Amino acid sequence: MIEREQSTDFDPSMIPHHLEIAALTGGPKSARYLRELLFRQPALKNKIIKALKEAGYESPGNEHGQILDLAASLFDEANSIIGLRNSVNGEQTQIVSNALLIELQAREEALFYLFSFIYSRQKILSALDNIRSGNKERMANGAEVLDLTIPKKLCSPLLSLVEYIAGTEPLTSKKVAGPDLMIAMKNLLNRAELSLSAWTRSITIYTMYQMNPKADYSFLQVIPGQADQIFERNKELCACKKSAKRKCCLLKKCCC
Amino acid sequence: MAALFSSGDLNAIIRAGQKLLSLLGSADEQDRIRAAVVIGRVADKNFYTSLIQLLNDPSVAVQRQAISASASTRNIKLVPYLFSKLHVDELRRSIITASHAQGEEVID
């Protein structure tokens, strides 16, 4: 696999499949490959971190700095996603808001896994279980364990994220009106650095179409595409000469 | 046929080998699929050259069966041939399964 990736004719869109094979194979070689991939393929970091966790990975001391840098970038991503979620707080955009909540849960999980590579694996994974249980007492125990296991400067932002995800109040921010929602969703699609999932991007395009099928969607052509079939299909549909009604039907079929 | 290969009887092995060769060279897709099934059941890593032939078969159904047989044959020499088809959507799932069945050497 590594040999193949080094060859000149290698297609980088195959890397997610290599990652899947390594995750299934397990063992020290897979862990070494995944660790190397983690710093080479930032767009795939959530999947790689999950695969490393499955492989029982423990980071050596000289790598802790890199792991903490990665955690910082995940915190930044989470904050950006919260900002995006507030900006798409509208009546017709509930589905986009839900997709962004799933994005936040993925970052939350990745952060727990990253910290489990550095600090007590068992305590951190058990804290995640407790926090995800939905039981108030268990959640409080989980938060307490985190407080005792990881440094305060990391624990505070992590607990803020946990509380945001667990809480029901995030969308008490001001409702946004139609035209501003369209701008916010366009902004969301342009945030390539956040590596939002195919589902989030598809559902956003779908919602935009539902709200305004006659808007100018030419901007989709210049969004850097990740090898992502659903998104490509959406882009094709946006560019093709079909009636707006037909496009909406096809997009719905493609997304759902 | 797989039982003949593992019987230890030289005559039986030769007969099974001849039959397998005829299936491998058959113009009928179903015969070539059977050849891949037999190789998968024999699960002998020395059959890899026949599997390479089947992995390069023009029929996707034959390729799929050959990929499945590769998982039980477990010969690292098959990995480049498996990976060369990873871009084919309909084969990808079975390639991923067959590749990880080769063990950690697949990572190299």
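Q: Why is A:Ser116 called buried or exposed, whichever applies?
A: In this predicted model, A:Ser116 has a relative accessible area of 1%; because buried means under 20% relative accessible area, exposed over 50% and partly exposed in between (1.4 Å probe, protein chains only), A:Ser116 is called buried. Residues are numbered from 1 along each chain as its sequence is written, and chains are lettered from A in the order in which they are written. Local features need pLDDT of at least 70, side-chain atom pairs count only at pLDDT 80 or more, and totals for chains, interfaces and linings use all residues, while side-chain values use heavy atoms, with hydrogens and water left out.

Q: Which residues is A:Ser116 in contact with, leaving aside its neighbours within four places in sequence?
A: Contact means heavy atoms within 4.5 Å, and on that rule the partners of A:Ser116, apart from neighbours within four places in sequence, are A:Arg121, A:Ile124 and A:Leu125.

Q: What makes the meeting of A:Lys29 and B:Asp108 a salt bridge?
A: The term requires a side-chain nitrogen of Lys or Arg within 4 Å of a carboxyl oxygen of Asp or Glu; the N to O distance between the side chains of A:Lys29 and B:Asp108 is 2.8 Å, so the pair qualifies. Across the interface of chain A and chain B, the rule finds two salt bridges.

Q: How much area do chain A and chain B bury between them?
A: Buried area is the accessible area (1.4 Å probe) that two parts lose on being put together, summed over both; for chain A and chain B this comes to about 1600 Å², 64% of it on carbon and sulfur atoms. The contact takes 19 residues from chain A and 17 residues from chain B.
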